[in-house]
Each structure stands twice: as structure tokens, then as C-alpha cells.
Amino acid sequence: MVTSSTKPNEDHELGLTRLFDAPRELVFKVWTDPKHVARWWGPHRFTNPVCELDLRPGGAILIHMRSPDGIVYPMTGVFQEVVPPERLVFTSAALDSDGNPMFEVLTTVTFAEEGGKTKQILRARVIKKTAQAAPYLAGMEQGWTQSLERLAAFVSTQSEE
């Protein structure tokens with residue numbers, strides 16, 4: 001369930017708050033275990049044939065999102081902070097066909113326990129961008145919203161196990 005959303009402003013900053021019907025430790029695990037992240041990351045109907053996370057400050061992130069039409073969208077990143085099960089801070093960059101970053105986003109995700117449920121607040125702020133980034137940034141809210149919808153569906157299957 002989305003409890004609040006702020007659209008990207010001219011500086012491309014986005015905030016999304018969700019309440020998951022699952023314990024905080026589980027939601028944090030689903031954000032940090034690559035085999036789980038590969039199942040929910042990206043817009044609807046995307047897959048992640050590559051999903052590598054080095055879960056420590058300075059650790060690398062590498063995810064290749066494959067669209068339904070087969071196009072692969074690679075992204076890299078670096079964890080800035082990892083505070084289990086409370087907070088993740090990471091940068092991420094979408095790469096162009098030559099492997100160069102088109103833009104870089106600083107993302108902060110916090111996880112708070114609320115009566116057996118988890119309140120997750122995600123803030124994503126563009127910190128660098130190139131001219132070719134505009135169409136990708138225009139879809140930032142939709143992309144994150146769909147990823148979080150997929151996350152909610154995935155978490156519900158995990159809490160039943």
C-alpha cells in the first residue's frame with residue numbers, strides 16, 4: 001500500500017512511503033539478498049539476469065534489467081551505508097550503450113517497525129545527469145512505483161513461507 005508519494009521535482013527528487021505487512025527484518029532481507037532483489041527489481045515484466053550486491057559500505061551493485069522486448073538496461077552502484085535492518089544508502093547509475101553513466105542517483109531507504117509491519121521510506125535524488133538522461137528520469141517515479149509494487153507482492157509470498 002502506498003501511503004504517500006512526491007513526484008520528482010525539477011531537481012529530480014522523489015519520495016515514496018510504503019507500509020508492508022511483513023516484519024522489518026524480512027523487508028530488509030528482501031532488499032539486500034541478490035537472489036531476492038533479482039525477483040522484484042525494476043518495472044513490471046522486467047527480469048534481472050544479473051544481480052550482484054556487495055552489501056557493505058563501498059560495496060558494488062551491478063544489476064542488468066531486461067525489458068519484455070529483450071533490451072538490457074545495465075546499472076551500477078555503490079553502497080554508502082548499510083545499517084541492518086534500519087537503513088540503506090546507495091548510489092546508482094544507469095549506463096549507456098558504451099558503459100558510461102547517463103545519470104547518478106543517491107537513494108536512501110529506511111525501514112521502521114510499526115506493529116509487526118514495516119514502514120519503508122525511499123528517497124531518490126539525482127546528483128549527476130547528462131543530456132541523454134531526460135527520458136529515463138521522466139520515468140523515475142513510475143519505475144520506482146512499479147518496483148515497489150513488485151516488492152510488496154514478493155514480500156507477501158515470503159511472509160507466507
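The largest cavity in this predicted model has a volume of about 70 Å³. A search of the whole structure finds one cavity of 30 Å³ or more. Its lining is formed by Trp31, Val37, Trp40, Trp41, Leu53, Ile61, Ile63, Phe79, Leu88 and Phe90. Three elements each give two or more residues to this lining: helix H2 (34-40), strand S4 (60-66) and strand S6 (87-95). By class, the lining of the largest cavity comprises 10 nonpolar residues. Polar and charged residues are absent from the lining.

Arg150 was examined next. This residue belongs to helix H4, which spans residues 140-160. Arg150 has a relative accessibility of 16% and therefore counts as buried, the cut-off being under 20%. Beyond its neighbours within four places in sequence, Arg150 is in contact with Arg39, Trp40, Trp41, Gly42, Pro43, His44 and Phe46. A polar atom of the Arg150 side chain lies 3.0 Å from the backbone oxygen of Pro43.

Two residues connect these descriptions. Trp40 and Trp41 line the largest cavity, and both are among the residues in contact with Arg150. Arg150 itself is not listed in the cavity lining, which has no charged residues. For Leu55, the separation from Arg150 is 21 Å between C-alpha atoms. Along the chain, Arg150 and Leu55 are 95 residues apart.

Notes: Residues are numbered from 1 along each chain as its sequence is written. This is a predicted model: local features need pLDDT of at least 70, side-chain atom pairs count only at pLDDT 80 or more; totals for chains, interfaces and linings use all residues. Side-chain values use heavy atoms; hydrogens and water are left out. Helices (H or I, at least four residues) and strands (E, at least two) are DSSP runs, numbered from the N terminus. Buried means under 20% relative accessible area, exposed over 50%, partly exposed in between (1.4 Å probe, protein chains only). Contact means heavy atoms within 4.5 Å. A polar contact is a pair of N or O atoms within 3.5 Å; within protein, one must be able to donate a hydrogen and the other to accept it, and residues adjacent in sequence count only if both atoms are side-chain atoms. On a 1 Å grid over the protein atoms alone, a cavity is a set of points where a 1.4 Å probe fits but cannot get out, and a pocket is an open set with protein on both sides within 12 Å along at least five of seven lines; lining residues have an atom within 4 Å of a point. Grid points are joined across faces, edges and corners, and a volume is the space filled by probe spheres set on the points. Ala, Val, Leu, Ile, Met, Phe, Trp, Tyr, Cys and Pro count as nonpolar, Asp, Glu, Lys and Arg as charged, and the others, Gly among them, as polar.
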